[in-house]
Amino acid sequence: MSDTEPTSGLSTDNEVVTAAAEQLGPLSELIEATFTEMSRSIEDELVRLSSDSRNVMRDMVDGILEDLTRLAAERLVSSTIDRSVGAGTQSAAETGGDALGDLIRRELRNG
């Protein structure tokens with residue numbers, strides 16, 4: 001037999017591989033469990049962030065709608081007052097009187 005022919009090396013190599021597999025098996029399971037848990041955690045966080053983002057957007061849209069509603073109401077009241085004062089000013093200008101005094105007198109007459 002020559003020194004380059006493995007006779008007992010095959011048996012030793014198999015024993016090393018078997019021993020390594022036995023020792024690395026629990027480590028492999030631990031790594032798999034860790035990645036599985038990390039995947040679940042990441043998924044849970046993404047779902048939570050998505051939900052939070054929707055709530056933030058909903059609150060922002062609600063705020064914008066409230067602002068637009070308030071502005072529309074202010075504009076309606078303002079334009080109504082402007083028309084009333086404008087009519088009083090025009091009436092007063094035609095008669096040569098005080099616009100505010102004319103408006104007050106007209107309101108008092110109408111009750």
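The exchange below goes through the labels attached to this predicted model and the values behind them.

Me: What makes the contact of R48 with E45 a salt bridge?
Reply: The closest N and O atoms of R48 and E45 are 2.8 Å apart, and a salt bridge requires a side-chain nitrogen of Lys or Arg within 4 Å of a carboxyl oxygen of Asp or Glu, so the pair R48 and E45 is counted as a salt bridge. Side chains of opposite charge can pair when their charged atoms come close.

Me: How are R48 and E45 placed along helix α1?
Reply: R48 and E45 are three residues apart in helix α1, and therefore about one helical turn separates them.

Me: What makes D52 a salt-bridge partner of R48?
Reply: Between R48 and D52 the closest N and O atoms lie 2.7 Å apart, and because the cut-off is within 4 Å, this pair also qualifies as a salt bridge. Both R48 and D52 belong to helix α1, where they are four residues apart, about one turn of the helix.

Me: Why are R48, E45 and D52 called partly exposed, rather than buried or exposed?
Reply: The relative accessibility is 38% for R48, the relative accessible area is 38% for E45, and for D52 the value is 33%. Since buried means under 20% and exposed means over 50%, with partly exposed in between, R48, E45 and D52 each count as partly exposed.

Me: What makes R70 and D67 a salt bridge, and how are they placed in the helix?
Reply: The side chains of R70 and D67 meet at 3.1 Å, N to O, which satisfies the cut-off of within 4 Å, so the pair is a salt bridge. R70 and D67 are three residues apart in helix α1, and therefore about one helical turn separates them.

Me: Which residues are joined into one network by salt bridges that share partners?
Reply: E45, R48 and D52 are joined into one network in this way, and the search of the whole structure finds five salt bridges.

Me: Why is I31 called partly exposed, and where is I31 found?
Reply: I31 has 43% relative accessibility, and because partly exposed covers the range between under 20% and over 50%, I31 is given that label. I31 is found in helix α1, which comprises residues 9–95.

Me: What makes I31 eligible for a nonpolar surface patch?
Reply: A patch residue needs over 30% relative accessible area, and I31 stands at 43%, so I31 passes that part of the test. I31 is one of the residues of a nonpolar patch that also includes L27, F35 and M38, with about 890 Å² of accessible area for the whole patch.

How values were computed. Residues are numbered from 1 along each chain as its sequence is written. This is a predicted model: local features need pLDDT of at least 70, side-chain atom pairs count only at pLDDT 80 or more; totals for chains, interfaces and linings use all residues. Side-chain values use heavy atoms; hydrogens and water are left out. Patches are made of residues with over 30% relative accessible area and no salt bridge: like charges are joined within 9 Å, nonpolar side chains (Val, Leu, Ile, Met, Phe, Trp, Tyr) within 5 Å. Accessible areas come from the Shrake-Rupley method with a 1.4 Å probe; for residues, only the protein chains shown count as cover. Helices (H or I, at least four residues) and strands (E, at least two) are DSSP runs, numbered from the N terminus. Buried means under 20% relative accessible area, exposed over 50%, partly exposed in between (1.4 Å probe, protein chains only).
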